[in-house]
Amino acid sequence: MTHKRFFIILPLLLFLFFLLPPIVHSAQGGILQVHFIDVGQGDSILIQTPEDKVILVDGGPPKSGKKVIDYLKNEQIKNIDLVIATHPDIDHIGGLPKIMNSTIGISKIMETGKFHTTRTYLRYIYHVKKHMIPVTVARVNQTIDLDEQMNIDVLNADEGKKNNNQSSIVLKIRYKDIDFLLMGDVGIEQEKKLPAKKLQTDFLKVAHHGSNTSTSHDFLRNVKPKVAVLTYGDNNKFGHPVDRVINTLDMSGAAIYSTAAYGDIVISTDGKSYIIDTEKDPLMNMLND
């Protein structure tokens, strides 16, 4: 995918240099790319592994289905090896039926197995059956064997939890020295139960779009993220992200990127160094206003 690169005046360049973490082009070896697709108020994360496997974590809300399809086609993706539906809320699975109906194939789906009585969920189930896509139910401590160069572990899944958010699939991804922690929409109670020794990470996908239900001080003390990614729509009706979460992330020292401000966010790594590429530059947008 081609992203715009921006050249800004010296003071702003120095500001970015000191504010944001080192962004280094990788030199050798296979590349892992994690794309946080801007689907507005929702989640859709594309993972392209070093061995050219494709994982799609969620499909955003219904109206974002076409955006995700276009994004995948722009990446020349013809088949998704694994779709992970973190939980059955509309802003996570709503776009998946349209993707299933596209020319892009889906080999397998992993989900929570939690039944949800909404039209969106029933539409999702209908298209899974229509296209005869095999489905597996995620289990805590399960390892996803898709790429021998990476470790992908399930840290949270349904297993009798009360609601959809609590049952969200949480993923810990490790490629050599670089880690990603994708938190779905879990709450503070689930954060407390996650294995502390697996929480420290370079990149954190903040839970529940920065809602007040997640991202406690204690949790961030264990995670110690270098970069935090927030996925939400600008001026959304839920008030995401809340000030408390932003302040907590600031105190943790993490550099904050959001899809609302930066658009599509792509993190590329060779397992040693990384580069962050964004669709938009919010500082340039401020200068143009």
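**Exercise 1. Determine whether Lys172 and Asp179 are buried or exposed, and describe how the two residues interact.**

Solution. Step 1: Lys172 and Asp179 are both buried; buried means under 20% relative accessible area, exposed over 50%, and partly exposed in between, with a 1.4 Å probe and protein chains only. The structure is a predicted model, in which local features need pLDDT of at least 70 and side-chain atom pairs count only at pLDDT 80 or more, while totals for chains, interfaces and linings use all residues. Residues are numbered from 1 along each chain as its sequence is written, and side-chain values use heavy atoms, with hydrogens and water left out.

Step 2: Side chains of opposite charge can pair when their charged atoms come close. Lys172 and Asp179 form a salt bridge, with 4.0 Å between the closest N and O atoms; the term denotes a side-chain nitrogen of Lys or Arg within 4 Å of a carboxyl oxygen of Asp or Glu.

Step 3: Arg174 belongs to the picture as well, as a network of salt bridges links Lys172, Arg174 and Asp179. The structure as a whole holds 11 salt bridges.

**Exercise 2. Explain why Glu189 and Lys192 are separated by about one helical turn, and carry out the analysis for Arg221 and Asp218.**

Solution. Step 1: Glu189 and Lys192 are separated by about one helical turn because they are 3 residues apart in helix α6. Helices (H or I, at least four residues) and strands (E, at least two) are DSSP runs, numbered from the N terminus.

Step 2: A salt bridge joins the side chains of Glu189 and Lys192, at 3.2 Å from N to O. Glu189 is partly exposed, as its relative accessible area is 43%, and Lys192, at 59%, is exposed.

Step 3: Arg221 and Asp218 lie 3 residues apart in helix α7 (residues 217-223), so about one helical turn separates them. Their side chains meet in a salt bridge at 2.0 Å, N to O. Both Arg221 and Asp218 are exposed.

**Exercise 3. State how many aromatic pairs a search of the whole structure finds, and describe the geometry of the pair Phe115 and Tyr121.**

Solution. Step 1: The search of the whole structure finds 5 aromatic pairs. Rings of Phe, Tyr and Trp (its six-membered ring) pair if their centres lie within 6.5 Å; planes under 30 degrees apart count as stacked, over 60 as edge-to-face and the rest as tilted.

Step 2: Phe115 and Tyr121 make an edge-to-face pair, with 5.4 Å centre to centre and 85° between the planes. Phe115 is exposed, with 57% relative accessible area, whereas Tyr121 is buried at 5%.

Step 3: Another aromatic pair, Tyr257 and Tyr262, is tilted, with centres 4.8 Å apart and 45° between the planes. Tyr257 and Tyr262 are both buried.

Step 4: Phe115 and Tyr121 also belong to a cluster that includes Tyr124, held together by ring pairs.

**Exercise 4. Identify what is notable about the backbone at Thr215, at Asn235 and between His240 and Pro241.**

Solution. Step 1: Thr215 is not a glycine, yet its phi is positive, at about 65°. Thr215 lies in the loop between β12 and α7, and counts as buried because its relative accessibility is 1%.

Step 2: Asn235, likewise not a glycine, has a positive phi of about 55°. Asn235 is placed in the loop between β13 and α8; its relative accessibility is 72%, so it counts as exposed.

Step 3: His240 and Pro241 are joined by a cis peptide bond, with omega of about -5°. Pro241 is located in the loop between β13 (227-230) and α8 (243-252).

**Exercise 5. Locate Lys198 and classify its exposure.**

Solution. Step 1: Lys198 sits in the loop between α6 (188-193) and β12 (203-205).

Step 2: Lys198 counts as partly exposed because its relative accessibility is 27%.

Step 3: Lys198 and Asp153 are 45 residues apart along the chain, and their C-alpha atoms are separated by 9.4 Å.
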